[in-house]
Amino acid sequence: MDAEELKRRYAAGERDFTGVSLANAKLIGANLAGINLWGANLNGANLARAKLWGANLCGANLVKANMTRTNLCGAKLSEANLRQARLNNAKLYGTNLSGACYDETTRFSRGFDPISNNMRKV
């Protein structure tokens with residue numbers, strides 16, 4: 001599946017995209033509120049400024065993903081792989097990051113504390 005197909009199917013009302021492969025997809029500014037991307041491969045995807053509030057990204061591979069200024073309010077990212085991801089200025093209010101992994105190259109907004117959000121460093 002590519003980014004255009006995902007956006008087309010989402011616009012048609014589909015919300016369950018469990019386990020899809022969208023590596024390196026360009027979803028800049030996409031409105032995907034409430035989407036289910038459980039276990040999806042989003043390695044290297046560009047999700048900058050995307051609207052993903054209430055989305056399910058549990059167990060998703062977000063290695064090297066660009067989520068700068070992405071709205072993730074109320075989203076579920078438990079057990080997601082956020083190594084080398086960029087979350088600068090991302091909206092994370094009410095986001096479940098429990099068990100999500102990150103490394104020293106993962107970029108968060110100033111003042112964000114991954115430990116207090118039950119994330120694990122690898």
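**Exercise 1. The surface and the whole chain**

How much area does the chain expose, and what percentage of it do carbon and sulfur atoms supply?

*Solution.* Keep in mind as you work that this is a predicted model.

Step 1. Begin with the area: the chain exposes about 6,000 Å².

Step 2. Now look at the atoms behind that area: carbon and sulfur supply 45% of it.

Step 3. Turn from the surface to the interior. Of the chain's 122 residues, 44% count as buried.

Step 4. Finish with the charges. There are 17 positive and 9 negative side chains, and 7 Å separates the centres of these two sets.

**Exercise 2. Elements and overall dimensions**

Work out the order of helices and strands along the chain, then decide how its compactness relates to that of a globular protein of this length.

*Solution.* Step 1. Count the elements: you should find 1 helix and 4 strands.

Step 2. Put them in sequence order, and the pattern reads α-β-β-β-β.

Step 3. Compare the radius of gyration with the globule rule. The chain has a value of 13 Å, close to the 14 Å that the rule gives for 122 residues, so the chain is as compact as a globular protein of that length.

Step 4. Add the dimensions: along its principal axes, the C-alpha trace spans about 40 × 25 × 20 Å.

Step 5. Lastly, consider the contacts with a separation of 6 or more. Residues 24 or more positions apart account for 3% of these.

**Exercise 3. Two asparagines in a loop**

Describe the surroundings of N81 and N66, and decide whether each one is buried or exposed.

*Solution.* Step 1. Locate N81 first. You will find it in the loop between helix 1, residues 3-11, and strand 1, residues 86-87.

Step 2. Apply the cut-off. A residue is buried when its relative accessible area is under 20%. N81 has 15% relative accessibility, so N81 counts as buried.

Step 3. Look for partners of N81. Its side chain makes a polar contact with the side chain of R83, at 3.1 Å. Beyond its neighbours within four places in sequence, N81 is in contact with A60, N61, L62, V63 and C101.

Step 4. Move to N66, which also lies in the loop between helix 1 and strand 1. With a relative accessible area of 12%, N66 is buried.

Step 5. Find the partners of N66. The side chains of N66 and N46 make a polar contact at 3.4 Å. Setting aside residues within four places in sequence, N66 is in contact with A45, N46, L47, A48 and R86.

**Exercise 4. Positive phi angles**

What phi values do K64 and N89 have, and where do these residues lie?

*Solution.* Step 1. Take K64: its phi is near 65 degrees, which is positive even though K64 is not a glycine. K64 belongs to the loop between helix 1 and strand 1.

Step 2. Check the exposure of K64. A relative accessible area of 47% makes K64 partly exposed.

Step 3. Take N89: this residue is not a glycine either, and its phi is positive at about 60 degrees. N89 sits in the loop between strand 1 and strand 2, the latter covering residues 101-102.

Step 4. Check the exposure of N89. At 49% relative accessible area, N89 is partly exposed.

**Exercise 5. From M1 to S21 and G54**

Trace the contacts of M1, S21 and G54, and set them beside some distances through space.

*Solution.* Step 1. Start at M1, in the segment before helix 1. M1 has 34% relative accessibility and counts as partly exposed.

Step 2. List its contacts. Not counting neighbours within four places in sequence, M1 is in contact with L6, R9, F17, V20, S21 and L22.

Step 3. Follow one of those contacts to S21, in the loop between helix 1 and strand 1. S21 is partly exposed at 43%, and beyond four places in sequence it touches M1 and N41.

Step 4. Visit G54, found in the loop between helix 1 and strand 1. G54 touches G34, C73, G74 and A75, residues up to four places away in sequence being left out.

Step 5. Set out the C-alpha distances.

| Pair | Residues apart along the chain | C-alpha distance |
|---|---|---|
| M1 and F112 | 111 | 33 Å |
| S21 and A55 | 34 | 16 Å |
| G54 and L37 | 17 | 11 Å |

Notes
Residues are numbered from 1 along each chain as its sequence is written. This is a predicted model: local features need pLDDT of at least 70, side-chain atom pairs count only at pLDDT 80 or more; totals for chains, interfaces and linings use all residues. Side-chain values use heavy atoms; hydrogens and water are left out. Helices (H or I, at least four residues) and strands (E, at least two) are DSSP runs, numbered from the N terminus. The radius of gyration is taken over C-alpha atoms; the globule rule is 2.2 Å times the number of residues to the power 0.38. Buried means under 20% relative accessible area, exposed over 50%, partly exposed in between (1.4 Å probe, protein chains only). Contact means heavy atoms within 4.5 Å. Accessible areas come from the Shrake-Rupley method with a 1.4 Å probe; for residues, only the protein chains shown count as cover. Lys and Arg count as positive and Asp and Glu as negative; His and the chain ends are not counted. The place of a charge is taken as NZ of Lys, CZ of Arg, CG of Asp or CD of Glu. A polar contact is a pair of N or O atoms within 3.5 Å; within protein, one must be able to donate a hydrogen and the other to accept it, and residues adjacent in sequence count only if both atoms are side-chain atoms.
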